[in-house]
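Q: Please take a close look at the sheet in this model. I would like its strands, its edges and a few of its residues placed in the context of the whole chain.

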Amino acid sequence: VNINNLTLTISAASKKQYPETALPEIALAGRSNVGKSSFINTLLNRKNFARTSANPGKTQLLNFYNIDEKVHFVDVPGYGYARVSKTEREKWGKMIEEYLTTRENLRAVVSLVDIRHEPSEDDKLMYEFLKYYHLPVILVATKADKIPKGRWNKQEAMIRKSLKFDSTDDFIIFSSFDKTGLNEAWQALEKFF
Ligand code: GTP
Ligand code: MG
């Protein structure tokens, strides 16, 4: 996939700042540090377009990235970062919930989990929440480069079971380091725009 025109349309904190376009949107959700921004950078073949850091909890706003005037990728701040105050967590929860439950442009959510670990309680709650609102999910099990290929299937089965995964959703084994799953990810995403 060749991308020419990439812009950050807006970093929004609330509904009144969402872009006033008809472009379809695909949001990215996942634990802080799971690799959401890296996933966007890998898809777009850019080194540091979406901000990545070893510093969890960095992305604090909803970042709307315009991809060739075709779709907005919406990078959502990560959940489950322990060193965030209760007040901040509640603010975060309201912001995400408002976006996920009211945004008409939203077509699907990329939900990222770490392939190495059993999904956290927050991962399970997020998946349940998305399914409750009938949102299509593209599950991306990332950091696949960190375990041997021979263990991928077993980890996938464990994650599917743990999330009570809906078999109509896509499940993609991914790595931002060696680009495992890059084509599969594009194929899954393009169904929605
Ligand atoms: P927040 O914005 O804080 O929620 O984090 P994020 O989910 O956007 O994570 P980010 O992309 O910033 O990545 C966090 C760390 O994980 C960085 O140090 C990345 O280099 C690393 N990382 C991300 N994806 C991969 C991957 O596929 N493989 C490996 N080995 N490391 C990765
Ligand atoms: Mg990020």
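A: Start with the inventory. In this predicted model, the protein chain holds five helices and seven strands. Along the sequence they follow the pattern β-β-α-β-β-α-β-α-β-α-β-α. The radius of gyration is 16 Å, close to the 16 Å that the globule rule gives for 193 residues, so the chain is as compact as a globular protein of that length. The C-alpha trace spans about 45 × 40 × 35 Å along its principal axes. Of the 193 residues, 35% are buried. Take the contacts between residues at least 6 apart in sequence: 73% of them join residues at least 24 apart.

Now the sheet. Seven strands form it, and it is open. The order is E1-E3-E4-E2-E5-E6-E7, with mixed pairing. Strand E1 (6–12) and strand E7 (170–173) stand at the edges. Each has a single partner strand, so one side of each is left without a neighbour in the sheet. Neighbouring strands are turned by 20 degrees against each other on average, direction ignored. As background, strands of a sheet pair through backbone hydrogen bonds, either parallel or antiparallel.

Look first at the E1 edge. Ser11 sits in strand E1. Ser11 is partly exposed: 13 other C-beta atoms lie within 10 Å. The cut-off matters here, because a residue counts as exposed at 12 or fewer and as buried at 20 or more. Beyond its neighbours within four places in sequence, Ser11 is in contact with Leu61 and Asn63. Ala29 is 18 residues from Ser11 along the chain, and their C-alpha atoms are separated by 16 Å.

Strand E3 comes next to E1 in the sheet order. Strand E3 covers residues 62–67, and Asn66 lies in it. Asn66 is also partly exposed, with 18 other C-beta atoms within 10 Å. Leaving out neighbours within four places in sequence, its contacts are Thr7, Thr9 and His72. Asn66 and Leu8 are 58 residues apart along the chain, yet their C-alpha atoms are separated by 6.1 Å.

Move along to E5 and E6. Strand E5 (residues 106–114) and strand E6 (residues 137–142) pair in the parallel sense. Six bridges join them. Within this pairing, Ser111 stands opposite Leu139 in E6.

The nonpolar core ties in here. The largest one has 40 residues. Leu28, Ile138, Val140 and Ala141 touch the most other members. E5 gives the most to this core, with six residues.

Ala141 deserves a closer look. Setting aside neighbours within four places in sequence, Ala141 is in contact with Val113, Ile115, Gln155, Glu156, Ile159, Ile173 and Phe174. Three of these partners lead to a helix. Gln155, Glu156 and Ile159 are contacts of Ala141, and helix H4 covers residues 152–163. H4 has twelve residues and reaches 16 Å from its first C-alpha to its last, close to the 16 Å expected at 1.5 Å a residue. An α-helix has 3.6 residues a turn, so residues three or four places apart point the same way. After H4 comes Lys164, whose phi is positive, near 50 degrees. Another partner of Ala141 is Ile173, and strand E7, at the edge, spans 170–173.

Notes
Residues are numbered from 1 along each chain as its sequence is written. Chains are lettered from A and ligands numbered from 1 in the order in which they are written. This is a predicted model: local features need pLDDT of at least 70, side-chain atom pairs count only at pLDDT 80 or more; totals for chains, interfaces and linings use all residues. Helices (H or I, at least four residues) and strands (E, at least two) are DSSP runs, numbered from the N terminus. The radius of gyration is taken over C-alpha atoms; the globule rule is 2.2 Å times the number of residues to the power 0.38. Two residues are in contact if their C-beta atoms, placed from the backbone, lie within 7 Å. The expected span of a helix is 1.5 Å times one less than its number of residues. Two strands pair if DSSP finds at least two bridges between them. Axes are lines fitted to C-alpha atoms, for helices over the stretch in contact, and angles run from 0 to 180 degrees between N-to-C directions. A nonpolar core is a set of buried Ala, Val, Leu, Ile, Met, Phe, Trp, Tyr and Cys residues joined through C-beta atoms within 7 Å.
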